[in-house]
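Visitor: I should like a close look at a single part of this structure, with its surroundings described in order. Please begin with the setting and then proceed to the detail.

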Amino acid sequence: MPVVRRTWRRLVHTYHRLCARDDAVTHGFTVPDGVWSCDRCHEPHLELSSLLRHVRTEHP
């Protein structure tokens, strides 16, 4: 089970790094360079790590 969990985390992290901005544009969100936005509550984050921590703690 830990291997599956680790693989899933890597996939999610890769998605956020590579596709989140493009996905935001397709859904009509404008996300400027250097700022990440939560899809659920639209809270801005300056770092991807803080966005991921926010999603993990606020939107389980």
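Guide: The account below goes from the chain as a whole to one histidine, the cysteines beside it and the largest pocket. The model is a predicted one, with a mean pLDDT of 80 for the chain and 88% of the residues at 70 or more. Confidence varies among the elements: helix 1 (residues 2-26) has the lowest mean pLDDT, 78, whereas helix 2 (residues 48-58) has the highest, 89. Where pLDDT is low, predicted coordinates should not be read in detail.

The chain contains two helices and two strands, arranged α-β-β-α from the N terminus. Of its 60 residues, 22% count as buried. The accessible surface of the chain amounts to about 4,900 Å², and carbon and sulfur atoms make up 59% of that area. Among contacts with a separation of 6 or more, 12% join residues 24 or more positions apart.

The part chosen for the close look is His59, which is located in the segment after helix 2. His59 counts as buried because its relative accessibility is 18%, and the cut-off for burial is under 20%. When residues up to four places away in sequence are left aside, His59 touches Cys38, Arg40, Cys41 and His54.

Two of these neighbours are cysteines, Cys38 and Cys41, yet the structure holds zero disulfides. Cys38 takes part in none, and its nearest cysteine sulfur, belonging to Cys41, is 3.8 Å away. Cys41 is likewise in no disulfide, the sulfur of Cys38 being the nearest cysteine sulfur to it at 3.8 Å. A disulfide requires the two sulfur atoms to be within 2.5 Å, so the distance of 3.8 Å does not qualify. As to accessibility, Cys38 has a relative value of 3% and therefore counts as buried. Cys41, with a relative accessible area of 36%, is partly exposed.

The largest pocket provides a second view of the chain. The space in this pocket is about 520 Å³. Its lining consists of 20 residues, of which Val12, His16, Leu51, Leu52 and Val55 are the closest to the centre. Helix 1, strand 1 (36-37) and helix 2 are the elements that each give two or more residues to this lining. The greatest share comes from helix 1, which supplies ten residues. Helix 1 is also the element with the lowest mean pLDDT.

Methods:
Residues are numbered from 1 along each chain as its sequence is written. This is a predicted model: local features need pLDDT of at least 70, side-chain atom pairs count only at pLDDT 80 or more; totals for chains, interfaces and linings use all residues. Side-chain values use heavy atoms; hydrogens and water are left out. pLDDT is the predictor's confidence in each residue, from 0 to 100. Helices (H or I, at least four residues) and strands (E, at least two) are DSSP runs, numbered from the N terminus. Buried means under 20% relative accessible area, exposed over 50%, partly exposed in between (1.4 Å probe, protein chains only). Contact means heavy atoms within 4.5 Å. Accessible areas come from the Shrake-Rupley method with a 1.4 Å probe; for residues, only the protein chains shown count as cover. On a 1 Å grid over the protein atoms alone, a cavity is a set of points where a 1.4 Å probe fits but cannot get out, and a pocket is an open set with protein on both sides within 12 Å along at least five of seven lines; lining residues have an atom within 4 Å of a point. Grid points are joined across faces, edges and corners, and a volume is the space filled by probe spheres set on the points.
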